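I opened the model to look up its nonpolar cores and then two of its helices. My notes follow in the order in which I took them.

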Amino acid sequence: MAQTTVEKTSVTLLGLGAMGTALARTWLAAGHPVTVWNRTPARSAPLAAEGARVADGAAAAAVAANTLVVVCLLDDASVEETLAGTDLTGRDLVNLTTSTPAEARARAEWARERGARYLDGGIMAVPPMIGVPEAGGYVFYSGSRELFERYAETLRVPAGTTYVGEDAGFAALHDVALLSAMYGMFAGAAHAFALIRKEDIDPASLAPLLADWLVTMAPAVHQTADQLRSGDYTKGVVSNLAMQVAGTPTFLSTAEQQGVSPELLIPYFSLMRRRLSEGSGEEDLTGVIDLLVH
């Protein structure tokens, strides 16, 4: 019986930091021909031993090697510097460099002016999660849908993929939105641990309680989204804004008594009180969002 071999897409990867190296290794392990480039050539050596083709000198040589060019550099300025003067005509540029939505949109236009097709990405993973499907890491993609669909199989090799729209800035926007929520969660957890810091309470005993509580509260984001979509901030309210504002002095007094700064709580509590002062006591906390939008 004749066997057919599916040819794997060749990839050029610019940038061999921890994330870039993890991406390269995953593609190589999956049988994709990979050409790598890094400003510091020494970082290419381990990948060369694993089968990567190393492009020496300027990044232009690596770009010329393949149609699909993946960029994973420090920041948007690094992308500009690395690709300055490089012929991008006919190239499919997938930019996985962390950037702002505005930078991504400008970079998409910059790529189009140079004859390249463009897809932006926001990586929701750390390097050890790359190539490990059960770790749950994935990448937001935005920009050319045609480009995303063309390379979907290749892009899914390192991590899951989630396409979020034709607007090139949407991947970065989703990335920062989720990470902003993460830092808010970390802030709350930091305050919780600070409250018990001087007590005879093992942080390891609080941790599972805290984790379980955060998981229990997380589905509230669906109600927030539903209220934002409908414009009715009183829909499905269980504990209204007035009740929650009335309870904030307890949190602040507890912090004071425990010798803990309330600086992580005060900004949010201030917004809650401001929303209440506008006569919205029967609402959920959703109205705070409107105060944040200029």
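I call a residue buried at under 20% relative accessible area, exposed at over 50% and partly exposed in between, with a 1.4 Å probe and protein chains only. Helices (H or I, at least four residues) and strands (E, at least two) are DSSP runs, which I number from the N terminus.

This is a predicted model, in which local features need pLDDT of at least 70 and side-chain atom pairs count only at pLDDT 80 or more, while totals for chains, interfaces and linings use all residues. Residues are numbered from 1 along each chain as its sequence is written, and side-chain values use heavy atoms, with hydrogens and water left out.

I looked first at α8 (residues 170–196), where I found A171, A172, D175, A189, H191, A192 and I196 buried. Among the elements covering them are α5, β6, β7, α9 and α11. The 27 residues of α8 reach 40 Å from first C-alpha to last, close to the 39 Å expected, the expected span being 1.5 Å times one less than the number of residues.

I then turned to the largest nonpolar core (buried Ala, Val, Leu, Ile, Met, Phe, Trp, Tyr and Cys joined through side-chain atoms within 4.5 Å), which has 30 residues, with L13 and Y141 making the most contacts inside it. Its largest share, 6 residues, comes from α1. Another core, of 19 residues, lies apart from it and includes A59 and Y118.

In α1 itself, 9 of 12 residues are buried, among them M19, W27 and L28. Just after α1, I noted that G31 takes a positive phi of about 90°.

Definitions and conventions
Contact = heavy atoms within 4.5 Å.
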